[in-house]
Every structure is written in structure tokens, then in C-alpha cells.
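Hi everyone, thanks for coming. Please have a look at the sequence and the structure on the screen, and then we will walk through them together.

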Amino acid sequence: VRLEMLLEQVLAPEQYEANVKTKKGSSDIVEFAIKLPGKDEERGSVYLPIDAKFPQDAYHRLTDAYEAGDPDTIESATKNLDAVIRKMARDIQEKYIDPPNTTEFGIMFLPFEGLFAEVIRRTNLMEQLQRDYGILVTGPTTLAAILNSLQMGFKTLAIQKRSSEVW
């Protein structure tokens, strides 16, 4: 719901799609995909897959461990959250990323800033997700910034197309 609201606020309805099969020959459906212009007219759009994930159990276990203040429990809960996030990233890569039909990377949207902060604190985890799985992890604020940047690119492209028509 938060992801859909962000997309609706920043992008025009024709700039993204919901429930998209981004990988040829697969029946897996990504929650949302941004439609980026293809390299040439005949290829059409290239999708940027965005999948919302909320590892609720792992996150609650970690916050409970922080409240209890037990270092062993915190370490165990941290390792568990890392493993769950890695599995989710692998799922996104395997199910939805399919160049040249999609970008070479996908976005994992974590709907709460607290959860996002826990994940980005682990620099090695973030690097591994980007390097090994091609996954960019975002929270609500980060995704909004990325979407605004994409929107500026869409506007620039539209201006370029219109100016060539005028000439």
C-alpha cells in the first residue's frame, strides 16, 4: 500500500504498471514495475522491477532483542534478519530481473524507515545485495527521491521529443 501510494504521488499512471510479468517464460508477477523508455522504438519499454518486502518476524525479533539488551540475542537476531534479506534479494533477482526486458537491477522496497535503517547499517550486506543480486534496497524516503529523479528524466525526455517535433 505504501509503495503504491508513493508511485501514485510521483509518477503518472502510464509510467508504471502493477502486477507485471517481467521475466519471459515465467509466471512470477512483480508488484510494480516502472516503464523506462527502451533504446529504440521497436523494443518499447524496459521495466524496472520494484518489490515490497517486510520481514516482519525477523524485524520484531531484532527490536525485541534490542529492548532486552542481551548481546547474544541481538547478534542472533541480526544474523537472522541478514539471512532473510539476502533470501528476499535472491528471490527478486531470480523471479523478476531479465535483461534486456528489464533493467539489470531491481529495487527492494522496505516500507518502514526503521527496518530500512537496520538493513543499511550493515555495509557488507548492502554491498553484497548490489554486487551479487543486483538489488537496490530503499525505504520510503529513499524511494521517493529515486522516483523524483526518474520523473525529472521523463520530463527531460518529453521536452526533447517535443522540441524535435517543433523543429
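Let me start with a question for you: are Glu 118 and Arg 122 buried or exposed? Both Glu 118 and Arg 122 turn out to be buried. Before we go further, please keep in mind that this is a predicted model. In this model, Glu 118 and Arg 122 form a salt bridge, with 3.4 Å between the closest N and O atoms. That pair belongs to a network in which Asp 82, Glu 118, Arg 121 and Arg 122 are joined by salt bridges with shared partners. We will come back to charges in a moment.

First, the overall layout. The protein has six helices and five strands. If you read along the sequence, the pattern is α-β-β-β-α-α-β-α-α-β-α. The C-alpha atoms fill a box of roughly 70 × 30 × 25 Å along the principal axes. There are 167 residues, and 41% of them are buried. Now think about the contacts with a sequence separation of 6 or more: 64% of these are between residues 24 or more positions apart. As for the outside, the accessible surface is about 9700 Å², and carbon and sulfur atoms account for 51% of it.

Let's go inside now. The largest nonpolar core has 28 residues. Among the residues with the most contacts inside it are Ile 85, Met 108, Leu 129 and Val 137. Which elements give two or more residues to this core? They are β2 (30–37), α2 (56–68), α3, α4 (113–120), α5 (123–133) and β5 (135–138). Helix α3 gives the largest share, eight residues. If you would like one residue to click on, try Val 137. Setting aside residues up to four places away in sequence, Val 137 touches Met 108, Leu 110, Phe 116, Val 119, Met 126 and Leu 129. There is also a second, separate core of 17 residues, and Leu 3, Leu 7, Phe 32 and Ile 50 are included in it.

Back to the charges, as promised. The protein carries 20 positive and 26 negative side chains, and the centres of the two sets are 4 Å apart. The salt bridges come to eight. One of them links Lys 87 and Asp 91, at 3.1 Å from N to O. Both residues sit in helix α3, four residues apart, which is about one turn of the helix. Their surroundings are worth a look: Lys 87 is partly exposed, at 45% relative accessible area, while Asp 91 counts as buried because its relative accessibility is 18%, under the 20% cut-off.

Another salt bridge joins Lys 53 and Asp 51, with the closest N and O atoms 3.0 Å apart. Lys 53 has 18% relative accessibility, so it counts as buried. Asp 51 has a relative accessible area of 4%, so it is buried too. Where is Asp 51? It is in strand β3, residues 45–52. Leaving out residues up to four places away in sequence, Asp 51 touches Val 30, Glu 31, Ile 92, Tyr 96, Ile 107, Met 108 and Phe 109.

Now for a charged residue that has no salt bridge. Asp 98 is buried, and the nearest side chain of opposite charge, Lys 23, is 5.7 Å away. A salt bridge here needs a nitrogen and an oxygen within 4 Å. You can find Asp 98 in the loop between α3 (71–96) and β4 (106–109). Apart from neighbours within four places in sequence, Asp 98 is in contact with Thr 22, Lys 23 and Lys 24.

That loop between α3 and β4 is also the place of Pro 100. From Asp 51 to Pro 100 there are 49 residues in sequence and 19 Å in space, C-alpha to C-alpha.

Let me finish with the backbone. Most residues other than glycine have a negative phi, and most peptide bonds are trans. What kind of peptide bond joins Pro 99 and Pro 100? The bond between Pro 99 and Pro 100 is cis, with omega about 10°. And then there is Asn 19, which is not a glycine but has a positive phi of about 50°. Asn 19 lies in strand β1, residues 16–20, and it counts as exposed because its relative accessibility is 57%.

Thanks for listening, and please do rotate the model yourselves.

Conventions
Residues are numbered from 1 along each chain as its sequence is written. This is a predicted model: local features need pLDDT of at least 70, side-chain atom pairs count only at pLDDT 80 or more; totals for chains, interfaces and linings use all residues. Side-chain values use heavy atoms; hydrogens and water are left out. Buried means under 20% relative accessible area, exposed over 50%, partly exposed in between (1.4 Å probe, protein chains only). Contact means heavy atoms within 4.5 Å. Accessible areas come from the Shrake-Rupley method with a 1.4 Å probe; for residues, only the protein chains shown count as cover. Lys and Arg count as positive and Asp and Glu as negative; His and the chain ends are not counted. The place of a charge is taken as NZ of Lys, CZ of Arg, CG of Asp or CD of Glu. A nonpolar core is a set of buried Ala, Val, Leu, Ile, Met, Phe, Trp, Tyr and Cys residues joined through side-chain atoms within 4.5 Å.
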